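Student: Can we go through this one together? I'd like to ask about it piece by piece.

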Amino acid sequence: EQPQEHPQEHPQEQPKPPPQPRYSLPHVDNGQGCEACGNERLRMFGPIYTGPLHSREFLAQLIRDLANTTDPIIQALACRGRILGLLTEAEQELQEQPLYTCHTQ
């Protein structure tokens with residue numbers, strides 16, 4: 001009688017996964033490069049939405065309703081203060097400057 005082989009003793013070779021495509025941001029050559037850092041290739045980003053993100057009136061009403069609610073379930077929420085803080089922060093975001101940048105050079 002011959003000894004039986006255990007499947008763990010001779011594991012089957014696993015097929016290699018197919019190579020993953022490499023992605024990178026598109027570049028553009030404007031012939032001048034970046035004025036700030038001198039890099040010859042500029043990276044392109046976008047599209048960027050520059051419209052309003054929030055309705056201040058809606059957020060203000062939501063903050064008032066949440067702060068003044070008499071609903072015991074909402075009053076008992078452990079995260080109620082955090083929700084109010086986040087809503088207040090969103091309400092106070094700059095409306096006229098959706099993209100703020102500050103260059104040192």
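**Working through the model**

Tutor: Let's begin with one residue: Ser24 has a relative accessible area of 64%, so Ser24 is exposed. Keep in mind that this is a predicted model.

Student: Where is Ser24 placed?

Tutor: Ser24 sits in the segment before E1. Its C-alpha atom is separated by 9.5 Å from that of Arg43, and the two residues are 19 residues apart along the chain.

Student: Back up a bit. How many helices and strands does the protein have?

Tutor: There are three helices and two strands. Along the sequence the pattern reads β-β-α-α-α.

Student: What lies between the strands? Take Arg41, in which loop is that?

Tutor: Arg41 is in the loop between strand E1 (27–28) and strand E2 (42–43). Leaving out residues up to four places away in sequence, Arg41 touches His27 and Val28.

Student: And what separates the C-alpha atoms of Arg41 and Asp29?

Tutor: A distance of 5.3 Å, with the two residues 12 apart along the chain.

Student: On to the helices. Which residues make up the largest nonpolar core?

Tutor: Six residues: Leu59, Ile63, Leu66, Leu84, Leu87 and Ala90. At least two of them come from helix H1 (56–67), and at least two from helix H3 (80–91).

Student: What is Ala90 in contact with, leaving aside its neighbours within four places in sequence?

Tutor: Ala90 contacts His54 and Leu59. Leu59 is itself one of the core residues.

Student: Which residues of H1 are buried?

Tutor: Leu59, Ala60, Ile63 and Leu66 are the buried residues of H1. Around the axis they cover an arc of only 135 degrees, so they are on the same side of H1. Glu57 and Phe58, on the other side of H1, are exposed.

Student: What do the buried residues of H1 pack against?

Tutor: They pack against H2 and H3.

Student: How far apart are the end C-alpha atoms of H1?

Tutor: They are 16 Å apart. H1 has 12 residues, which at 1.5 Å a residue should span 16 Å, so the two values agree.

Student: Now H3. Which of its residues are buried?

Tutor: In H3 the buried ones are Arg80, Leu84, Leu87 and Ala90. Viewed down the axis of H3, they fall within an arc of 125 degrees, so they line one face of the helix.

Student: Which residues are exposed on the other side of H3?

Tutor: Gly81, Arg82, Leu86 and Glu89.

Student: What covers the buried residues of H3?

Tutor: The cover includes H1 and helix H2 (72–75).

Student: And how does the span of H3 come out?

Tutor: The end C-alpha atoms of H3 are 16 Å apart, and its 12 residues at 1.5 Å each should span 16 Å, so that agrees.

Student: There's also Thr69. Is that one buried or exposed?

Tutor: Thr69 is buried, because its relative accessible area is 16% and the cut-off for buried is under 20%. Thr69 lies in the loop between H1 and H2. Not counting residues up to four places away in sequence, Thr69 touches Ile74, Gln75 and Arg80. Arg80 is also among the buried residues of H3.

Student: Different topic, cysteines. How many disulfides does the structure hold?

Tutor: Zero. Cys37 counts as exposed, at 60% relative accessibility, and Cys79 is partly exposed, with a relative accessible area of 39%.

Student: What about the segment after H3, say Leu94?

Tutor: Leu94 lies in that segment and counts as exposed at 60% relative accessibility. The C-alpha atoms of Leu94 and Pro52 are separated by 9.6 Å, with their positions 42 residues apart along the chain counted as the separation.

Student: Overall numbers, then. What share of the residues counts as buried?

Tutor: Of 105 residues, 10%. The accessible surface of the protein is about 10400 Å², and 53% of that belongs to carbon and sulfur atoms.

Student: And among contacts between residues at least 6 apart in sequence, what share joins residues at least 24 apart?

Tutor: That share is 40%.

Key:
Residues numbered from 1 in each chain as written. Predicted model: local features only at pLDDT ≥ 70, side-chain atom pairs only at ≥ 80, totals over all residues. Heavy atoms only, no water. Disulfide = S-S within 2.5 Å. Buried < 20%, exposed > 50% of the residue type's maximum accessible area, 1.4 Å probe, protein only. Core = buried A, V, L, I, M, F, W, Y, C linked by side-chain atoms within 4.5 Å. Helix = DSSP H or I, 4+ residues; strand = E, 2+ residues; numbered from the N terminus. Contact = heavy atoms within 4.5 Å. Expected span 1.5 Å × (residues − 1). Arc of directions from axis to C-beta. Areas by Shrake-Rupley, 256 points an atom, 1.4 Å probe, with all protein chains shown as cover.
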